[in-house]
Amino acid sequence: MSSRAGAVTAEVLVKRLEDPDANVRESAVRVLAQLGQPLASSHGLVDALLELLEHADSGVKSSAAEALGLLGGAVVSSHAGAMEALVELLEHEGAAVRVFAAITLGRLGGAAVSSHAGAVGALIK
């Protein structure tokens, strides 16, 4: 896929994460994950997903958190504020949002999670 085509595809898919239909959001998450890390880091995909973590709709937040987890730790943890945003979602009122934030943090693993162990540990208590 050309760089331009990849950018357009990623842009369209990120917009689909805000779709009211959960099936559309889920499909967008899956395709974004398949596009992979090079596309994510070169086209601002992680930044767009981080913005969606602040969306009013819980389904959109869940989808964005899931997509971040599927992109992988190296891409996500290198973005300023990514880990903090995911840790904050562990306190969200919506169970699905909390679950996908926790899954994503688990996928990021290692140093990314241990640097926020206090916040995660406080939520487990």
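Okay, let's start in the middle of the protein, with the largest nonpolar core: it has 30 residues, and the ones touching the most other members are L17, L49, L52, L53, L68, V76 and L86. Who supplies it? At least two residues each come from α1 (3-16), α2, α4, α5, α6 (73-77), α7 (82-89) and α8 (95-108). The largest share comes from α5, with 6 residues. One thing to keep in mind throughout: this is a predicted model.

Let me stay with V76 for a second. Leaving aside residues up to four places away in sequence, V76 touches V46, L68, L71, A82, L86 and L108.

Now the overall picture. We've got 10 helices and 0 strands, so if you read the elements from the N terminus you just get α-α-α-α-α-α-α-α-α-α. The chain has 125 residues, and 40% of them are buried. Taking contacts with a separation of 6 or more, 60% are between residues 24 or more positions apart. As for the outside, the accessible surface is about 6400 Å², and carbon and sulfur atoms account for 54% of that.

Next, α5, since it came up as the top contributor of core residues. Its 14 residues should span 20 Å at 1.5 Å a residue, and the end C-alpha atoms are indeed 20 Å apart, so the two agree. This helix is mostly covered, with 11 of the 14 residues buried. And the buried set isn't just the likes of V60, L68 and L71; it also includes K61, S62, S63 and E66.

What about the ends of α5? At the N-terminal end, D57 acts as the cap, with a side-chain oxygen 2.9 Å from the backbone nitrogen of G59. Just past the helix, G72 takes a positive phi of about 105°.

I want to zoom in on S62, which sits in α5, residues 58-71. Is S62 buried or exposed? Its relative accessibility is 6%, and buried means under 20%, so S62 counts as buried. So what is its side chain doing in there? A polar atom of that side chain lies 3.3 Å from the backbone nitrogen of V97. Setting aside residues up to four places away in sequence, S62 touches A96, V97 and F100.

Compare A95, which belongs to α8. A95 has 44% relative accessibility, so we call it partly exposed. A95 and S62 are 33 residues apart in sequence, while their C-alpha atoms are 9.4 Å apart in space.

Two more helices, quickly. In α4, residues 45-52, the buried ones are L45, V46, L49, L50 and L52. Looking down the axis of α4, these fall within an arc of 155°, so they line one face of the helix.

Then α2, residues 22-35. Again there are 14 residues, which should span 20 Å at 1.5 Å each, and the end C-alpha atoms are 20 Å apart, so that agrees. The buried residues here are R25, A28, V29 and L32. They cover an arc of only 105° around the axis, which puts them on the same side of α2. Turn to the face away from that buried side and you find N23 and Q34, both exposed. N23 also shows up at the start of the helix, where a side-chain oxygen of D21 reaches to within 2.8 Å of the backbone nitrogen of N23.

That's the tour. Happy to pull up any of these helices on the screen.

Methods. Residues are numbered from 1 along each chain as its sequence is written. This is a predicted model: local features need pLDDT of at least 70, side-chain atom pairs count only at pLDDT 80 or more; totals for chains, interfaces and linings use all residues. Side-chain values use heavy atoms; hydrogens and water are left out. Helices (H or I, at least four residues) and strands (E, at least two) are DSSP runs, numbered from the N terminus. Buried means under 20% relative accessible area, exposed over 50%, partly exposed in between (1.4 Å probe, protein chains only). A polar contact is a pair of N or O atoms within 3.5 Å; within protein, one must be able to donate a hydrogen and the other to accept it, and residues adjacent in sequence count only if both atoms are side-chain atoms. Contact means heavy atoms within 4.5 Å. Accessible areas come from the Shrake-Rupley method with a 1.4 Å probe; for residues, only the protein chains shown count as cover. The expected span of a helix is 1.5 Å times one less than its number of residues. The arc is that of the directions from the helix axis to the C-beta atoms. A nonpolar core is a set of buried Ala, Val, Leu, Ile, Met, Phe, Trp, Tyr and Cys residues joined through side-chain atoms within 4.5 Å.
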